[in-house]
Number of protein chains: 2
Amino acid sequence: MATATERIFTEFKEHSVAEFFKKNQQMLGFSGKTRSLTTIVHEYVTNSLDACEEAGILPDVTITITELDKESGKYRIVAEDNGPGIPEKHLGKALGMMLAGTKFHRYMQQRGQQGIGASGCTMDAQITTGKPIKVVSRYDAKRITCELSIDLKSNSPKVMNLVKEEGNFGSGLRVEAEVGDVKYDKSSFGVYEYIRRTALANPHLQITLNSPEGEKFTFPRSSNAIPPRPVEVQPHPLGLTTNDLIDFAHRERECRKLSSFLQERFVRVSAAKVEELQGMLPDIDFNKKPADLQWHEAERLIKAFSQVKWIAPSTDSLRPIGKEQIEKSLKNILAPEFLAITERSPKIFRGGIPFMVEAAIAYGGGAGKENGGVKTSEIIRYANRAPLLFDNSGCAITEAVREIDWKRYGLKNFEEEPMSVFVNLSSVYVPYTSAGKQAISNEEEILQEIKNAIMEAARDLQRYLSGKTRERDRAERKKAILRYVSQLSKDLSELAGKGTPEEIEKMLVRLIETKYSKQIEEGEDEKEEGGKNGKIEEEEEIEE
Amino acid sequence: MATATERIFTEFKEHSVAEFFKKNQQMLGFSGKTRSLTTIVHEYVTNSLDACEEAGILPDVTITITELDKESGKYRIVAEDNGPGIPEKHLGKALGMMLAGTKFHRYMQQRGQQGIGASGCTMDAQITTGKPIKVVSRYDAKRITCELSIDLKSNSPKVMNLVKEEGNFGSGLRVEAEVGDVKYDKSSFGVYEYIRRTALANPHLQITLNSPEGEKFTFPRSSNAIPPRPVEVQPHPLGLTTNDLIDFAHRERECRKLSSFLQERFVRVSAAKVEELQGMLPDIDFNKKPADLQWHEAERLIKAFSQVKWIAPSTDSLRPIGKEQIEKSLKNILAPEFLAITERSPKIFRGGIPFMVEAAIAYGGGAGKENGGVKTSEIIRYANRAPLLFDNSGCAITEAVREIDWKRYGLKNFEEEPMSVFVNLSSVYVPYTSAGKQAISNEEEILQEIKNAIMEAARDLQRYLSGKTRERDRAERKKAILRYVSQLSKDLSELAGKGTPEEIEKMLVRLIETKYSKQIEEGEDEKEEGGKNGKIEEEEEIEE
């Protein structure tokens with residue numbers, strides 16, 4: 001008889017990452033019909049934008065969605081761009097293999113970063129309709145046409161019916177996918193809203209949506225400046241983990257000494273800085289080979305990094321939207337009564353990764369969200385200029401908004417204010433909570449910086465509102481008291497047995513207008529005082 | 001000169017799933033010091049419970065946590081159980097390779113399901129302290145002692161210093177990991193709370209925590225009954241996707257005909273049912289080999305499945321906590337003023353996966369959460385009896401609570417009520433939002449069923465509260481009015497020029513006690529009426 005252990009382990013197996021994500025499609029954003037369709041558009045659009053920007057091309061993207069079968073939610077999605085195309089050699093892996101791509105290890109700001117997205121769409125097509133995707137890639141005077149799917153067991157691409165033509169076809173990529181179990185709608189989680197928000201944050205993009213209902217929406221580019229290419233940067237010593245340092249050191253093939261390795265591979269490390277570190281760690285041999293760096297030595301180096309002063313990382317690698325563009329877009333779309341925008345200086349978080357937060361608060365006018373005739377607040381989230389429409393509640397941006405004490409800024413309750421809070425996080429690496437890339441993880445340094453950015457805008461809003469609020473509060477309190485007057489006058493007339501209710505009401509109103517008004521104003525002053533004493537928290541800046 | 005395309009694609013690389021999760025540790029639950037430590041304990045405890053239950057052993061688990069260096073957050077965690085142990089052959093892969101394990105493809109209710117958890121802990125140890133984990137595995141008269149880490153580039157295990165002894169050592173697994181950047185605290189997100197909640201839902205478990213502060217907490221088992229072994233089940237036809245059906249059919253090696261394949265591989269498919277399906281699909285050849293099933297045929301079969309009546313899947317595969325145990329645990333821990341428990345019948349969702357929801361509402365007494373002297377509500381979430389402490393806001397259980405209109409049940413505002421809502425989802429597959437397994441994805445069928453379960457308990461609560469609420473409301477309104485009396489009495493005395501404030505106050509109070517009380521009650525009746533007319537939504541049950 002088999003022992004318990006033998007019995008249990010007969011089923012021991014290894015699985016591919018494609019099988020894992022097939023079983024856990026929700027982790028890639030394929031959950032719910034509307035969200036699944038938006039996820040597909042999101043993956044193709046972000047890939048097109050990244051590719052165009054890296055190739056120095058003004059992006060022109062067209063998304064065409066056709067309903068094939070309403071009942072089963074079957075749609076055809078065609079995504080077409082004028083980007084650099086994908087060479088034949090890499091086509092299969094780029095669209096039909098998970099965790100393959102150009103973006104994984106690079107310190108460069110791009111929207112994609114995992115090498116999963118487009119392959120996830122290929123998988124979704126094949127498991128919902130059984131069909132491969134169709135691809136046309138034009139580049140370097142070639143045109144490749146093929147069909148493509150993933151062998152899920154081995155996570156490897158299957159390329160079929162490949163045709164290669166030579167000639168001048170220009171450049172660009174066209175992907176056509178038939179997927180099931182999706183739905184096109186114009187809700188705030190749908191494709192239309194996704195594209196609208198993408199246009200808002202990418203002025204150099206021209207994007208067209210051909211909807212299943214036969215409508216054609218074109219968002220023309222508002223800027224003809226080709227954005228500077230994203231730059232690959234070296235990590236900053238501050239925030240590197242011991243493991244990162246060991247990884248870099250043991251991978252090092254060129255620098256022969258620890259001292260030159262530190263100067264060559266990380267930004268802001270000068271010869272003087274190395275000397276300072278050597279002075280702090282006299283028993284570490286800075287002439288040793290990087291490959292010989294021991295864990296306990298790396299640990300001490302990391303500790304020393306945190307004790308010396310550094311110049312902040314450069315902004316070269318970051319591609320924020322820019323204050324001017326945010327202002328233009330938000331005024332254009334929301335036409336708010338008041339708008340405050342903050343652009344923070346770049347900061348760094350774990351692994352020496354630079355990031356930067358832009359925030360805006362639009363108040364009144366068209367800001368906020370219509371909700372049954374009442375205006376409520378909304379949060380407009382971006383990471384690297386790609387809109388985040390889902391997983392709102394688990395995102396660091398939402399958490400930052402939640403943690404702010406809005407009363408300090410003259411607002412009663414964030415939810416009930418007619419305002420839009422806009423945040424864009426730019427970084428060479430965005431710590432998403434899941435592979436679906438719709439929420440930013442609550443990393444302490446990022447969360448705090450987002451809070452700081454929003455609070456900075458909130459202070460401007462506070463200044464604007466303080467006059468307004470005082471006026472409104474006064475009126476409301478008076479109204480509240482006057483509400484009792486009529487009923488009380490009747491009761492008092494009855495109680496006293498003399499004077500008509502009308503007479504008593506007049507006297508009461510006069511009493512309120514004089515004596516009560518004074519009290520109300522005094523109370524208000526007291527409240528203002530409290531507001532002035534309350535400290536607005538702001539984290540210290542890193543030393544430069 | 002290289003073309004843009006050549007330049008871009010020089011960096012094209014493939015990566016292992018271990019590298020992916022190293023870069024995205026937050027997806028495994030390694031984000032934040034307290035959470036990271038809780039994640040490690042969670043992975044080891046759930047593995048121990050799964051292994052013990054499968055081997056038919058009453059689990060006895062000890063977690064020992066030692067602080068090694070406060071400043072860098074370095075701790076040693078030892079997890080020890082009396083389970084079946086892991087055989088030498090599988091030890092490396094079970095603890096040092098991602099996506100390897102016994103649990104991935106089985107339709108069986110277990111806490112773990114991905115083959116990532118324990119290997120994730122191994123990775124965390126090596127990237128935060130540079131150290132391998134230490135393992136002792138006892139099974140089948142053997143004792144294996146070794147050190148273990150992961151080669152992240154290839155996602156393969158490295159087993160070091162292995163010693164194998166023969167003799168009677170009993171059975172069990174001991175894992176020792178040194179990790180950095182973590183923190184032990186007794187917050188509601190900490191290890192202590194995790195273990196307390198695990199004990200609450202697993203009466204057959206004996207678990208001991210030796211805390212870094214030298215305290216020893218033992219949660220003794222409250223039941224000596226060995227729980228029935230989890231059963232592996234076949235999928236139910238309802239909810240299978242076309243792709244699932246094709247996968248099963250093309251993998252089929254034994255059944256030679258489509259008709260026998262359907263009967264043998266899925267539950268609730270009788271010969272009569274196959275005949276019924278054949279009648280609906282006369283042009284599909286039910287005698288063909290399963291491997292020859294075409295996509296369009298599978299699609300039509302799936303559609304036909306949704307049009308016939310089925311017996312619901314059996315509960316054999318599910319291991320709920322049970323009403324009696326929930327009652328015992330919640331009374332014991334919360335001592336609530338009122339407790340309602342609902343145990344729903346099993347349902348199925350996509351892929352023919354059975355699931356079952358248990359819910360309870362504890363109200364008043366020790367229920368709810370202390371929050372600065374005020375009691376507020378809390379949600380206690382479980383999946384397969386493993387507590388979910390994190391990602392609260394992104395979880396289907398939280399969403400279900402949020403979507404319920406609590407006013408219909410006589411509550412004002414969910415957040416401000418002194419209540420605990422308890423939910424346990426049991427299923428052979430839980431659709432987690434991420435590999436960190438702390439939140440259940442908002443799948444429509446699951447969300448609705450959780451809502452139904454909570455609403456069922458809420459109706460009991462409503463009955464209990466309706467009398468209470470009326471009494472309380474009455475008292476509160478009176479109090480609100482009486483608050484004005486003192487100030488008004490003074491002003492009226494001044495205004496009228498006669499009667500002392502004290503005399504007027506007495507008269508006013510009498511007036512309120514008589515006339516106002518009556519008005520208040522009338523107002524209340526009106527409100528009750530509205531409550532009675534409101535419909536309580538309840539989704540239709542699936543046909544059985």
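1. A friendly place to start is where the two chains meet: Glu14(A) stands opposite Ala100(B), a residue of strand E4(B). Strand E1 of chain A (residues 13–14) and strand E4 of chain B (residues 100–101) pair there in the antiparallel sense, over 2 bridges. Strands (E, at least two residues) and helices (H or I, at least four) are DSSP runs numbered from the N terminus, and two strands pair if DSSP finds at least two bridges between them.

2. Before going on, please note that this is a predicted model, in which local features need pLDDT of at least 70 and side-chain atom pairs count only at pLDDT 80 or more, while totals for chains, interfaces and linings use all residues. Residues are numbered from 1 along each chain as its sequence is written, and chains are lettered from A and ligands numbered from 1 in the order in which they are written.

3. How many residues of chain B are in contact with chain A? There are 56, and they meet 56 residues of chain A; contact here requires C-beta atoms, placed from the backbone, within 7 Å. The side of chain B that touches chain A has 25 nonpolar, 21 polar and 10 charged residues. In this count Ala, Val, Leu, Ile, Met, Phe, Trp, Tyr, Cys and Pro are nonpolar, Asp, Glu, Lys and Arg are charged, and the others, Gly among them, are polar.

4. A turn of 180° with a shift of 0.0 Å along the axis lays chain B on chain A with an RMSD of 0.9 Å. The two copies are therefore related as by a two-fold rotation axis. The superposition is by least squares on the C-alpha atoms of residues with pLDDT of at least 70 in both.

5. Now to helix H6 of chain A (residues 191–201): 8 of its 11 residues are buried, so this helix is largely enclosed by the rest of the structure. Among the buried ones are Tyr194(A), Arg197(A) and Leu200(A). Buried means 20 or more other C-beta atoms within 10 Å of a residue's own, exposed means 12 or fewer, and partly exposed lies in between, with C-beta atoms placed from the backbone.

6. Two loop residues deserve a look. Asp391(A), between strand E17 (386–388) and helix H12 (396–403) of chain A, has a positive phi of about 50° although it is not a glycine. Asp391(A) counts as buried because it has 26 C-beta neighbours inside 10 Å. Ala335(B), in the loop between helix H11 (323–334) and strand E11 (338–343) of chain B, has a positive phi near 45°. Ala335(B) is partly exposed, with 13 other C-beta atoms within 10 Å.

Definitions and conventions. Contact = placed C-beta atoms within 7 Å.
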